[in-house]
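Visitor: I have a new model open and would like to learn how to read it feature by feature. Could you walk me through it?

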Amino acid sequence: MSISRMTALVLASALLAACGGSEEGNTAANTPSTSAPAETGNGPVFANVDQARLNNAASEPGQWLTFGGTYSEQRFSPLDQINTENVDQLGLAWWVNIDTNQSQQTTPLYVDGVLYFSESWGQVNAIDASTGERLWRFDPQVAGDIAGRACCGVQNRGVAVYEGSVFVTAYDGRMFALDAQNGDVQWETQTITDPELWYTSTGAVRVANGKVFIGNGGAEFRTRGYVSAIDAKTGELLWRFYTVPGNPELGFENDAMRMAAETWNGNWWDLGGGGSTWDGLTYDPETNLLLIGVGNGAPWNPLVRSPGGGDNLFLNSIVAVDADTGEYVWHFQEIPAEEWDYDAVQQITIADIEVDGEMRHIAMQAAKSGYYYMLDAYTGELLRANNFVPVNWTSGYDMATGKPIINEAAQYTMQEAGTIIQPGPAGAHGQATMSYSPETGLLYIPAMESSMAFANAPENIDGRFNLGMEYFGHDYAYDDPENTIEQGSRSRLVAWDPVAAREQWAIEDVAVGGTLVTGGNLLFKNNGQNQTMGVYDATNGNELALFDTQSAAVAGIITYEHEGEQYIAHVVGGPSFQGYYAPTYARLLVYKLGGTAQLPEKVEFTQRPFAPPEETADAELIAQGDALYGENCAMCHDVGGLARSSFPDLRRTPLLHSAEGFNNVVLDGALSERGMTSFAANLSEDDTSAIRHYLIAQAHIAMNSPSPFGPPPEDVAPEDLEEVTQDN
Ligand code: CA
């Protein structure tokens, strides 16, 4: 599918505001109305967080100062006012509406009485934790027509605070320092090397020792991955670490790139190389290393990416660099010459644990590959590699060499026909935050199980998104004669013993979402498209409470103590598969013991009915429309006309009745203010006619289906789409 000229249909926030409502959060009547945090010493009044506070965040359990709670990214809080004995009294305290229909993946911070959180596009809010009042909101004004540059939405996962500033990176790669008191921009800098390339930035920024760290996504669109370190005071670039080598003729940036280039062949730089750094970044103050999770190659097919072979460093690796200088220190490559989109960018959690009779300072990752990796955080030595979901691409790791034993049957590059791989490209773990409790000794992994059929297609590299291969839902495209791989997908919360490297127990059939574990022996878990947050006994997984979030809940959950009371908070919002193009009720939700606030009743969204004109086109025209739709429309409106997120379901549009009306939008740009820019440069009137007739045919198929949403479009099941929205 070529989407090189794709422009995105994005609803402007003005329109979305009309859907989201505008009432401010309902505040419990008995909360005091103070707002500003108390002035302390000589520092700034707001976000007075220096390096000592960040290093010692564990000694201030009432705060949530960094994305992962502390630098260790354990997402564990020792707070225990809310516990297994009284959690039945936990209730909603207040909430704040977010005026967008885009999906929310952010983790809020709580700093001295103020909650700071990002939302989609990299917008930022500061909320008074006493009153629920919005103190300020920042909008980076990202151009909406670049929404299609990310596979999976315009979300942002989080901000960082440091010495009076709040840092965020917008979707288009611009990093901002905001005055924590009023949201004023202190500086702005572009972290993307070439804004014409399809880089995007959705990750949470991290800050340490006066440097702000951020990566980016885009390997699927032929970019070259890297992480930038920006001066927190000036916005100046301090260092940049590339994850794959560039063109040797232009000179290598450092010895690490020279070493990595030995593992590549051909003209890999022409296709970017890949190695996105879209999520996992961990700063470890004990080692002063920045651990970088590195994504898949560009394109996926290694025969195309690096003809002649090679491991292709540092794809699918965890790389440690000196946080001061960006100099390479060590790496562990999870999968050499990887071909399945198993990014190694998932959360990297640091802990001190006794392993094989010795206290070790370790880094843990539950990766997209389905494997749990435990590394020595000083050296990168592989200590454990065990799968936490069923996988078929490897039979395990050779612990002496640290390399996986690849199963050739799962390598589409080794097969004539397609082959089934497990997990599928949605992966076993995406951005959903895991947590580790030093008290239970368990790691809580939001795990996904899936499979997919892949086929070698080395010639398939002409377009932006063409990966040198093809993939299909295997129940539609390929048979599994031995019936060994379950079709479809499911999600489980796996409670994992990190030392024994095995599952202790699991919570079955919960949609995937972020987690938090507390000293009250409580595991909090967002349940994704189920639109709930569950609270479970952290020891055994027994469900203790369940909250209706009225919207997809996939982001991280935090806890903090404010004026003597423990609170739980999370941001919800995202597409629901109960109603495409429906309001998503994106909100910050805040809970406490005895909370009695009630969300307004959710207005059930009614889809516009299917009412297409009579089908008159022949199969050839419809097929032509299918191809054009795939190239031009599917990136936003999804395959088969099935809308996802806030993009309308085109099978239901009344414009299907009028060639003139359809062209008015598609060619003349009548809805360009909402983000649906003109496609006149790409499409002729004959083309739009073919697309319209293809959509009419799709509408007839859906109308005659027993499912209210129509059948799965050709080769993608709705549950696969659901998972894909979780992942870059
Ligand atoms: Ca990827």
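Guide: Gladly. Let us begin with polar contacts: a polar contact is a pair of N or O atoms within 3.5 Å, and within protein one must be able to donate a hydrogen and the other to accept it. Keep in mind that this is a predicted model.

Visitor: Which backbone atom lies 2.7 Å from a polar atom of the side chain of Q51?

Guide: That is the backbone nitrogen of N209. Q51 itself sits in helix α2, residues 51-55. Setting aside residues up to four places away in sequence, Q51 touches Y71, Y162, A208, N209 and Y283.

Visitor: Is Q51 buried or exposed?

Guide: Buried means under 20% relative accessible area. Q51 has 11% relative accessibility, so it counts as buried.

Visitor: How does that fit the chain as a whole?

Guide: The protein chain has 728 residues, and 65% of them count as buried. Its secondary structure comprises ten helices and 40 strands. Among contacts with a separation of 6 or more, 62% are between residues 24 or more positions apart.

Visitor: Let us turn to the nonpolar interior. How many residues does the largest nonpolar core have?

Guide: A nonpolar core joins buried residues of the nonpolar kinds through side-chain atoms within 4.5 Å. Here the largest one has 103 residues, and W94, Y116, L290 and L588 have the most contacts inside it. Strand β2, residues 90-97, gives the most to this core, with six residues. There is also a second, separate core of 53 residues, which includes L289, L291, F388 and A501.

Visitor: What does Y116 touch?

Guide: Beyond residues up to four places away in sequence, its partners include F46, A47, P108, W136, V159, V161 and A180.

Visitor: Now the metal. Which residues are the protein donors of the calcium ion?

Guide: For calcium, donors are N, O and S atoms within 3.2 Å of the metal. In this model they come from E220 (OE), N296 (OD1), D341 (OD) and D343 (OD), with D343 (OD) listed twice, and they lie 2.3 to 2.8 Å from the ion. Along the sequence, the donor residues follow the spacing E-x75-N-x44-D-x1-D. N296 and D343 link distant parts of the chain: N296 is in the loop between β17 (289-293) and β18 (297-298), while D343 is in the loop between β20 (328-333) and β21 (349-355), 47 residues apart. Both N296 and D343 are buried.

Visitor: Where does E334 lie?

Guide: E334 is in the loop between β20 and β21. With a relative accessible area of 1%, E334 is buried. Leaving aside neighbours within four places in sequence, E334 is in contact with residues including N316, A344, Q365, Y373, Y397 and P404. The C-alpha atoms of E334 and Y371 are separated by 8.9 Å, although these residues are 37 residues apart along the chain.

Visitor: And how should I read a pair of packed helices?

Guide: Two packed helices are described by the angle between their axes and the distance between the axes. Take helix α6 (residues 619-632) and helix α9 (residues 685-703): they pack at an angle of about 100°, with their axes 7 Å apart. That makes α6 roughly perpendicular to α9. Among the residues that meet are L621, I622 and Y629 in α6, and A690, I691 and Y694 in α9.

Visitor: Which residues are buried in helix α8?

Guide: In α8, residues 659-666, they are G661, F662, N663, V665 and V666. The buried residues of α8 pack against α9.

How values were computed. Residues numbered from 1 in each chain as written. Predicted model: local features only at pLDDT ≥ 70, side-chain atom pairs only at ≥ 80, totals over all residues. Heavy atoms only, no water. Helix = DSSP H or I, 4+ residues; strand = E, 2+ residues; numbered from the N terminus. Buried < 20%, exposed > 50% of the residue type's maximum accessible area, 1.4 Å probe, protein only. Contact = heavy atoms within 4.5 Å. Axes fitted to C-alpha atoms, helices over the stretch in contact; angles between N-to-C directions. Parallel < 35°, antiparallel > 145°, perpendicular 65-115°, else oblique.
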